[in-house]
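Okay, thanks for making time, everyone. I'd like to walk through one model with you, so let me put the sequence and the structure up.

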Amino acid sequence: MRDLTDAEVQAMGYAVGLELDGTELTEVAHSLNAILEMMDALEVPGLNAVEPVPLILPDTEA
Amino acid sequence: MEQSDIPFLSATQLASLIEARQVSPEEALNAYLDRIEQVNPKVNAYITVCADEAMEQARQAGQEIQQGRYRGPLHGIPVGVKDQVHTTGILTTDASKIRADFIPTEDATVVAKLKEAGAVIIGKTNMSEFAIGDSFSSFKGPARNPWDLSRDPGTSSTGSGAATAARLCATSLGEDTGGSIRGPASLCGLVGLRPTWGRVSRYGADGACWSIDTIGPISRTVEDCAATIGAIAGYDPKDPYTRQVPVPDYRQALTGDITGLKVGLVQEYLDSEKSGVDPRVRDAIIAAAGVLSELGAEVREVSLPLSVNCGVAIRTITHVERVSLHPEWLRERPQDYHHNTRVSFSTANLIPAPVYYKAQKMRAMVRQEVLGALEEVDVLVQPTSAAPAGVMSMDGTVASKEQAKQALHRGGYTGPYSLTGTTAMSILCGFSSEGDGGLPLAMQIAGRPFDEATVLRVGHAYEQATPWHNRLPPI
């Protein structure tokens with residue numbers, strides 16, 4: 001996947017009410033591109049079929 | 001005993017002297033306050049030292065004990081509390097300018113429980129701003145590692161680790177999302193227990209990530225850790241996710257006997273190509289597993305191939321959940337955040353929903369993997385951190401995507417047990433050769449949900465068989 005440009009990241013920021021510019025915009029772009037690239041690279045068999053329940057509370061004491 | 005020797009006792013040793021009325025809670029508190037005055041300027045472990053309130057609590061504890069009303073092992077014991085946890089009438093800042101003037105009107109449940117146990121709240125410990133997970137974003141400046149003041153104390157409960165290691169409190173509370181108890185315990189040479197999610201109330205603790213946050217002890221010995229978790233664990237109607245699971249007497253679990261216990265040594269974290277583990281850490285863990293085997297445990301190899309790669313998944317989840325608590329402040333007061341926090345929160349705001357969703361799916365698979373392994377063994381053992389404490393950088397600038405990726409990998413050591421929601425403890429297992437006294441190396445012991453007792457039992461047996469916990473930081 002290609003990296004998002006600073007301009008694209010800035011536009012995404014506007015969509016959630018954030019005004020990003022300067023070096024801070026570039027740092028956010030680096031951070032976001034790192035997450036997107038690493039998450040995209042996670043290819044685990046069966047991952048798509050998993051139900052993404054955030055937590056399961058154990059019923060019994062160990 | 002000189003008063004200045006008191007901070008060098010373990011919490012439970014001090015408790016024995018207090019119970020026997022050989023040391024009063026006021027004497028103990030004064031000893032710690034004197035040491036804080038001498039040492040805290042070097043380690044910056046506290047944001048607030050509440051000497052007056054603590055003295056009042058100590059006097060009350062002393063009176064009760066004199067009247068024969070001894071409450072237990074924390075009665076009269078000075079405890080440091082992470083500044084993320086609400087304390088009535090005492091500043092609670094989250095190490096942020098945003099909360100610089102916030103004084104809660106109600107104690108967090110864990111603080112109320114500490115007070116019920118007779119503990120003396122000596123101060124509020126430093127941390128990374130809103131527990132974001134660096135070591136330098138506190139608006140009061142960074143806490144320092146007592147083993148080497150130039151080094152990282154571990155994050156985000158930086159001050160709880162530094163204060164406990166530097167003998168500025170007898171035991172402390174931290175908050176662990178992706179590893180914020182275990183990390184400081186690891187780098188500061190302590191015992192840090194992440195309890196099972198639902199074991200300890202989070203009511204009154206400012207959230208970092210609602211579905212992963214836990215509050216637990218950072219202590220100098222396993223017995224101190226057991227006494228501290230015993231005081232704060234249990235169901236709380238104010239936190240709907242605490243469970244009505246009986247709380248055992250954790251100190252009674254410290255039998256020293258681990259004969260026949262099944263210990264899984266996680267192989268991926270001993271392989272530098274898969275996990276980036278430092279050879280010194282790897283060797284210390286292998287040696288520690290040997291000690292457990294000599295003590296009668298059955299040590300076997302275990303594989304967790306998904307878990308070692310879960311760092312980015314836990315970072316994605318914690319980023320998104322954490323920033324959901326800050327929308328107004330981030331828009332209205334962005335300059336009041338540390339630069340690094342602002343970059344982190346801004347990034348979190350832009351993570352697409354499908355990516356967060358994929359991270360949650362990964363979490364479910366990691367949980368299956370970890371709980372599956374824990375059906376075969378009683379505990380899992382691996383390093384807590386890839387390497388000993390590094391030199392602390394004060395520059396959080398994200399200079400490149402590659403640098404950002406390196407940071408995302410770091411959650412892979414403590415993250416699996418956070419994602420699973422189960423319990424895990426960091427314990428000192430050796431020293432590197434850097435500096436005057438070397439730097440601590442640490443082993444992580446993870447157990448089944450709500451089975452903190454077995455984790456503590458294994459850690460205690462190991463601790464009693466090895467000399468590491470007797471070494472003092474050169475401060």
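So let's start with one pair: Pro383(B) stands opposite Met443(B), which belongs to strand E11 of chain B. Before I go on, this is a predicted model, where local features need pLDDT of at least 70, side-chain atom pairs count only at pLDDT 80 or more, and totals for chains, interfaces and linings use all residues. Residues are numbered from 1 along each chain as its sequence is written, and chains are lettered from A and ligands numbered from 1 in the order in which they are written.

Quick word on naming: helices (H or I, at least four residues) and strands (E, at least two) are DSSP runs, numbered from the N terminus. Two strands pair if DSSP finds at least two bridges between them.

Back to E11(B), which covers residues 440-447. On one side, strand E9 (residues 379-383) of chain B pairs with E11(B) in the antiparallel sense, over five bridges. Strand E10 (residues 424-431) of chain B is also antiparallel to E11(B), with seven bridges, and there Ala424(B) has Ala446(B) as its bridge partner.

Is E11(B) mostly covered or mostly open? Mostly covered: eight of its eight residues are buried, meaning 20 or more other C-beta atoms lie within 10 Å of a residue's own (12 or fewer is exposed, in between is partly exposed, and C-beta atoms are placed from the backbone). Pro440(B), Ala442(B), Gln444(B) and Ala446(B) point one way, while Leu441(B), Met443(B), Ile445(B) and Gly447(B) point the other.

Zooming out, we get an open sheet of eleven strands in chain B, with mixed pairing and the order E1-E3-E2-E4-E6-E5-E10-E11-E9-E7-E8. Strands E1 (46-49) and E8 (298-302) of chain B are the edges, each with a single partner strand, so one side of each has no neighbour in the sheet. Elsewhere in chain B, E4 (residues 171-176) and E6 (residues 214-219) run antiparallel with five bridges, and Asp176(B) is the bridge partner of Thr214(B).

Now the core. The largest nonpolar core (buried Ala, Val, Leu, Ile, Met, Phe, Trp, Tyr and Cys residues joined through C-beta atoms within 7 Å) has 157 residues, and Ile445(B) from our strand is among those touching the most other members, along with Val79(B), Val120(B), Ile121(B), Ile122(B) and Ile427(B). Which helix gives the most to this core? That's H2 (residues 22-41) of chain A, with eight residues.

That takes us to chain A, which has two helices and zero strands. Of its 62 residues, 26% count as buried. The contact between the chains (C-beta atoms, placed from the backbone, within 7 Å) takes 34 residues from chain A and 41 residues from chain B. H2(A) gives the most to chain A's side, with twelve residues.

H2(A) packs on helix H12 (residues 339-349) of chain B at about 55°, axes 9 Å apart. The axes are lines fitted to C-alpha atoms over the stretch in contact, and angles run from 0 to 180 degrees between N-to-C directions. Among the residues making this contact are Glu24(A) and Leu32(A) on H2(A), and Arg342(B) and Thr347(B) on H12(B).

One last helix: H5 (residues 158-165) of chain B has eight of its eight residues buried, so it's largely enclosed by the rest of the structure. After H5(B) comes Arg167(B), with a positive phi near 65°.

Technical notes
Contact = placed C-beta atoms within 7 Å.
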